[in-house]
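Hi everyone, thanks for making time. I'd like to walk you through a structure that's probably new to most of you, so let's get it up on the screen.

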Amino acid sequence: MSESIKTSAWQAFFAPLQIKISCSLLVVVLLAVLIGPHLAAWEYDVIHWDAIGGAPSKEHWFGTDNVGRDIFARTMMGGRVSLLIAILATTVSFCIGVPWGAVSGYVGGSTDQFMMRVVDGMYAIPYVLIVIVLVVILGRNIYLLFIAIGAVSWLDVSRIVRGQALVLKAAPFIASARAMGLSEFRIVTRHVVPNVLGTSIVFATLMIPGVIISESFISFLGLGVQEPMTSLGVLIADGSKNIHSSPWQLGFPTGFLTILLLLMTTLGERLRRLVVGAERSLL
Amino acid sequence: MLRYVIRRTLFMVSTIWVVVTLTFFLLRAAPGGPFDTERAVSAAVEANLRAAYNLDAPLLEQYGSYLADLLRGDLGPSYKQKDFNVAELLLHGLPISLLIGGLALAIAVVLGLAFGATMARYRNRIIDSALESFVTCGLALPPLVAAPLLVLLFAVVLQWLPAGGLDSGWHFILPVISLCIPYIAAFARLSRSSCLEALNQPFTTAAQAKGVNTWRLLWHHVLPSAFVPVLSFVGPAAATLLAGSMVVEVFFAIPGIGHYFVQGALDRDYTLVLGAVLVYTSSILVLNFIIDLALLRLDPRIRLT
């Protein structure tokens, strides 16, 4: 891609004011998540006996929970954990989905038929059930959590990659690679996969809010991240137990998650429209 | 038609069998069991417990007797909630979960269609883009976010509605609303595009040429044709709605199936988890079957394959 196309793509993306605002806000949120836990005067897992269930104050910006831990520090830490798990789970889903889709689309024929039937079959099963059964089997463990989420969210990735691979298959440079006598394996790994990665990464950013929701959902149910580690789902679950006596315990984590999801969804939508629009203009 | 129904039924039964078998063996393969507690139970007590629930029999024999019981409608005892068996628990939860989920889906379809049709009618005008921003926000508000926000607003600050439990009709309002928000958005977006597609069909042009007014055109010509893709999305929507219904049931302390499923998963109550998976899978399969039959009637172009 030449330099000028790259810059104009960036300009097109950032053109509307709304996108500029959401982008800057997202950067603020990301910085908050990265630096926040160190910025707060309190550690996220330290108990303050003199501030149990305290309302928001100068010392504890978001108040404290029922065992006296600072909610600001916990929310920032929870946001960090949720985002980290989302990114790792998306990576896992890429590691399964990209090869699956690329092989399926490139090889075609009965292999393609079979591989896509598997995907269709897995779509029919409610993924929550799989994730929860997996969590019950593998135990409640933060590493298994994102593997489990990734293992069920690769379906979308594989479909997108397959569609791209089908188009690429007809491209002249693939024909010339074949004429040069490259092995099928080499064609898929060196020519198909690198060319589908761009579009797939765009769709991956669309997936991240969904994955954050999945993670928070499982942690909310008590099946994901375990104490003293925390995530936004855990914080919402804890906060929901004391809504009348100390609503800030629920309000701040929920507000943070809402902002995060709204920002990422708006940006993802914008990105999706640009990509779909660009694809249409090419056709 | 009859052959189609029979084939679909056989397919459903075999799918349920595969799901039950897989879940059964996966759960048994897991380390730890329902009787693992913080304090170690003496070996003799544990052996007796295992014998009482037939857990010491060979795995295949356990599987055989589970299937045999299943055919008689017996889902086995709950390992943790000793006063009830799994069938009793799930039968108690099913109507509640079905009511909440069904209401949420119905509201989502009706409102989604209404929004979508309005957006298509005023395409690229202010109403369209205003609703579009609503839709984008709605997609970012899953029940896990919507439920706390609604409770904080309506139950804590305004104190209009109860925050949890299930004593009266009022208790259904917040759970149903928080469950249906993202689906209203999804259905609105879908019906906008299918309405636009229908508006470009020759039959709409013909109706317009005959002088049919806009609202009649939308109601009698566009919506019936736009309804087909909307209805076919109800199946996948219901499958993801399950996740939301678990959140809502746990958050609002509603004793539905989701509540029991989550409790079972936390307690490693195998039979309860298995029973809930069975009920969930069968309801989704039956719903999809009904939708496919309805689609056949609605759209004669769909062929039986």
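Let me start with a small puzzle: in which loop of chain B does Asn124(B) lie? Before I answer, keep in mind that what you're looking at is a predicted model. Okay, so Asn124(B) sits in the loop that runs between helix H4 (86-121) and helix H5 (126-139) of chain B. I picked that residue on purpose, since its phi is near 60°, a positive value in a residue other than glycine. And is Asn124(B) buried or exposed? It's exposed, because 9 other C-beta atoms lie within 10 Å, and the cut-off for exposed is 12 or fewer.

Right, let's zoom out and look at chain B as a whole. How many helices and strands does chain B have? There are eleven helices and zero strands, so if you read along the sequence you get α-α-α-α-α-α-α-α-α-α-α. Its C-alpha atoms fill a box of roughly 85 × 55 × 30 Å along the principal axes. Chain B has 305 residues, and 36% of them count as buried. If you take the contacts in chain B between residues at least 6 apart in sequence, 73% of those join residues at least 24 apart.

Now for some individual helices of chain B, and I'll begin with H7(B). This one covers residues 170-199, which is 30 residues. At 1.5 Å a residue, H7(B) should span 44 Å, and its end C-alpha atoms are 40 Å apart, so the two values agree. There is a bend in H7(B), though: about 40°, at Cys180(B). Within four residues after that bend comes a proline, Pro182(B).

Next up is H9(B), so please find residues 214-251 of chain B. What would a straight helix of 38 residues span at 1.5 Å a residue? That would be 56 Å, but H9(B) spans only 44 Å between its end C-alpha atoms. If you follow H9(B) along, you'll find a kink of about 45° at Leu223(B), shortly before the proline Pro224(B).

Stay with H9(B) for a moment and look at its partner. The axes of H9(B) and helix H11 (residues 270-298) of chain B come within 10 Å and cross at roughly 180°. That angle makes H9(B) roughly antiparallel to H11(B). On the H9(B) side, the residues making the contact include Phe227(B), Leu231(B), Gly235(B) and Leu242(B). On the H11(B) side, among them are Tyr280(B), Ile284(B), Asn288(B) and Leu298(B). And what kinds of residues are these? The contact of H9(B) with H11(B) divides into 14 nonpolar, three polar and no charged residues.

What follows H9(B)? That would be Ala253(B), whose phi is positive, near 50°. Like our opening residue, Ala253(B) has a positive phi in a residue other than glycine. You'll find Ala253(B) in the loop between H9(B) and helix H10 (257-267) of chain B. With 13 C-beta neighbours inside 10 Å, Ala253(B) counts as partly exposed.

Okay, over to chain A. Here we have ten helices and zero strands, and from the N terminus on the elements run α-α-α-α-α-α-α-α-α-α. The C-alpha trace of chain A spans about 75 × 45 × 25 Å along its principal axes. Of the 283 residues in chain A, 44% are buried. Looking at contacts in chain A between residues at least 6 apart in sequence, 68% join residues at least 24 apart.

One residue to click on in chain A is Tyr127(A), which is found in helix H5 of chain A. Tyr127(A) counts as buried because it has 20 C-beta neighbours inside 10 Å, and 20 or more is the cut-off for that. Its C-alpha atom is separated by 8.9 Å from that of Ile149(A), and those two residues are 22 residues apart along the chain.

Last topic: where the two chains touch. Here, 30 residues of chain A are in contact with 33 residues of chain B. On the chain A side, helix H5 (127-138), helix H8 (184-220) and helix H10 (248-282) each supply at least two residues. Which helix gives the largest share of that side? It's H10(A), with ten residues. The residues of the chain A side divide into 20 nonpolar, nine polar and one charged.

That's my tour, and I'm happy to take questions.

Terms used:
Residues are numbered from 1 along each chain as its sequence is written. Chains are lettered from A and ligands numbered from 1 in the order in which they are written. This is a predicted model: local features need pLDDT of at least 70, side-chain atom pairs count only at pLDDT 80 or more; totals for chains, interfaces and linings use all residues. The expected span of a helix is 1.5 Å times one less than its number of residues. The bend at a residue is the angle between axes fitted to the seven residues ending there and the seven starting there. Two residues are in contact if their C-beta atoms, placed from the backbone, lie within 7 Å. Ala, Val, Leu, Ile, Met, Phe, Trp, Tyr, Cys and Pro count as nonpolar, Asp, Glu, Lys and Arg as charged, and the others, Gly among them, as polar. Axes are lines fitted to C-alpha atoms, for helices over the stretch in contact, and angles run from 0 to 180 degrees between N-to-C directions. Angles under 35 degrees count as roughly parallel, over 145 as roughly antiparallel, 65 to 115 as roughly perpendicular and the rest as oblique.
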